[in-house]
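Trainee: Let's take this one a question at a time. I'll ask, you explain.

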Amino acid sequence: MRTGYLFLISSVWILFSCHKTANKPDPDPVITSVDTLLDWEKIDSHLNTFIADVWFVSSSKGFFLGGDSSTYRTLDGGLTWSPIANTKANSKLNLFFPDPQHGFVQGQSQLQITRDGGSTWITKPLPTNSALTFLFTSPSTGYYGNIGTGLYKTTDTGTTWNLVYSDNKGSAGYYTYFSTPDTGYVVTMSPTLAITTDAGANWQPIANNLSGYTGHFLFNQLQFVNSSTGFYANSEGVLKTTDGGHTWENVFPNKEGFVNLIKFFDIHTGYYKTDREIYKTTDGGQTWSLSCKLNSGDDIIGMNFIDQHTGWACTNSGFILRLRQ
């Protein structure tokens, strides 16, 4: 998932395709050392290719995006997986379920949609071909960030999309988070940071000190746990704000992350995923403890939790990591 600092949008997609979706591993990779799994267990999907993302809707039922372009489903907490018929599509990047019945698979230029808990899926085109990040605040309303052009919104489950935000600087990435259906944030690599309180109709810039933390084009993640406290995982580590985004402090400096994910459950407890490690904090980022580390030449790609004690991650070599505390 990692390397290269490219500036053209087409070149950026080469970087992202090689990193968020990674590369197909050798059939018999050499294991150099034992993984530090701690509270996690490692499950072989037997897919023999990378897994781009993972999402669970309950402790037993989950999905992942396989490197063979199919979507897979488990009903036993990730121990066994089977492909879902008629789900093959190119460049599938991200999974998102706003509720157990409604789910979405986002690709660079298309969106796959289920309304029956993942049994059947339909495909709708996106109006651009460089989609990177997305989320839905309800089964009908969602957003996706397109490289270089901006943030798009749908209110009819992906049938139509409208551009609702652009910083007009050609930013390589629009990373967004909605804490409620109306209140949302977007940060770009410019960097700019903006907030909406009317579901994306209007955006107000937030003066900030992010200029020192832009890094290079990567897959980053933003989350606000309340109106004042937020976290932003990027190539510099984990940034934290306690004043609504005006000032940010790097609470976990780390320059090794190319796919940088966070998940906080409250102002105290959260997880941070970098290339080969997952870390946990219970004091709002003041201190971090190692939760899982891959020492076997593999990379962690996606990460998802249903609560602070139960989570999953997926790897470049086709493994599922499961947290059970």
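Trainee: Which strand is Thr 241 found in?

Mentor: This is a predicted model, in which local features need pLDDT of at least 70, side-chain atom pairs count only at pLDDT 80 or more, and totals for chains, interfaces and linings use all residues. Residues are numbered from 1 along each chain as its sequence is written, and side-chain values use heavy atoms, leaving out hydrogens and water. Strands (E, at least two residues) and helices (H or I, at least four) are DSSP runs numbered from the N terminus. On that numbering, Thr 241 belongs to strand S20.

Trainee: Does Thr 241 count as buried or exposed?

Mentor: The cut-offs come from relative accessible area: buried is under 20%, exposed is over 50%, and partly exposed is in between (1.4 Å probe, protein chains only). Thr 241 has 1% relative accessibility, so the answer is buried.

Trainee: Which residue's backbone oxygen does the side chain of Thr 241 reach?

Mentor: Polar contacts are pairs of N or O atoms within 3.5 Å; within protein, one must be able to donate a hydrogen and the other to accept it, and residues adjacent in sequence count only if both atoms are side-chain atoms. The side chain of Thr 241 makes one such contact with the side chain of Asp 243, at 2.8 Å. The backbone oxygen it reaches, at 2.9 Å, is that of Thr 247.

Trainee: Leaving aside neighbours within four places in sequence, which residues is Thr 241 in contact with?

Mentor: Contact here means heavy atoms within 4.5 Å. With the sequence neighbours within four places set aside, the list for Thr 241 is Phe 224, Ser 228, Thr 229, Gly 230, His 246, Thr 247 and Trp 248.

Trainee: How many salt bridges does the structure hold?

Mentor: The test is a side-chain nitrogen of Lys or Arg within 4 Å of a carboxyl oxygen of Asp or Glu. One pair that passes is Asp 35 with Lys 42, whose closest N and O atoms are 2.6 Å apart. Asp 35 is buried at 15%, while Lys 42 is partly exposed at 27%. The total for the structure is four.

Trainee: Which residue does Glu 41 meet in a salt bridge?

Mentor: The partner's side chain comes to 2.6 Å of Glu 41, N to O. The pair links distant parts of the chain, 281 residues apart, with Glu 41 in strand S1 (residues 40–44) and the partner in strand S28 (residues 319–324). Glu 41 is partly exposed at 30%. The partner is buried at 5%, and its name is Arg 322.

Trainee: What about Lys 255: which residue does it form a salt bridge with?

Mentor: The closest N and O atoms of the pair are 2.4 Å apart. It joins two loops, with Lys 255 between strands S21 and S22 and its partner between strands S19 and S20, 19 residues apart. Lys 255 is exposed at 64%. The partner is buried at 16%, and that residue is Glu 236.

Trainee: How many residues does the largest nonpolar core have?

Mentor: A nonpolar core is a set of buried Ala, Val, Leu, Ile, Met, Phe, Trp, Tyr and Cys residues joined through side-chain atoms within 4.5 Å. In the largest one, the residues with the most contacts inside it are Val 54, Phe 64, Leu 111 and Ile 320. Strand S2 (residues 51–56) gives the most to it, with five residues. The core's size is 43 residues.

Trainee: How many disulfides are there?

Mentor: A disulfide needs a pair of cysteine sulfur atoms within 2.5 Å. Cys 292 is buried at 0%, and Cys 314 is also buried at 0%. By the sulfur distance rule, the count is zero.

Trainee: Which peptide bond is cis, with omega near 5°?

Mentor: Most peptide bonds are trans, and most residues other than glycine have a negative phi. The loop between strand S15 (184–188) and strand S16 (193–196) holds Pro 191. The cis bond runs from Ser 190 to Pro 191.

Trainee: What is the phi of Asn 168?

Mentor: Asn 168 sits in the loop between strand S13 (162–165) and strand S14 (174–178). Asn 168 is exposed, at 70%. Its phi is positive although it is not a glycine, at about 60°.

Trainee: What share of the 325 residues of the protein chain count as buried?

Mentor: The chain has one helix and 28 strands. Among contacts between residues at least 6 apart in sequence, 44% join residues at least 24 apart. The buried share of the 325 residues is 58%.
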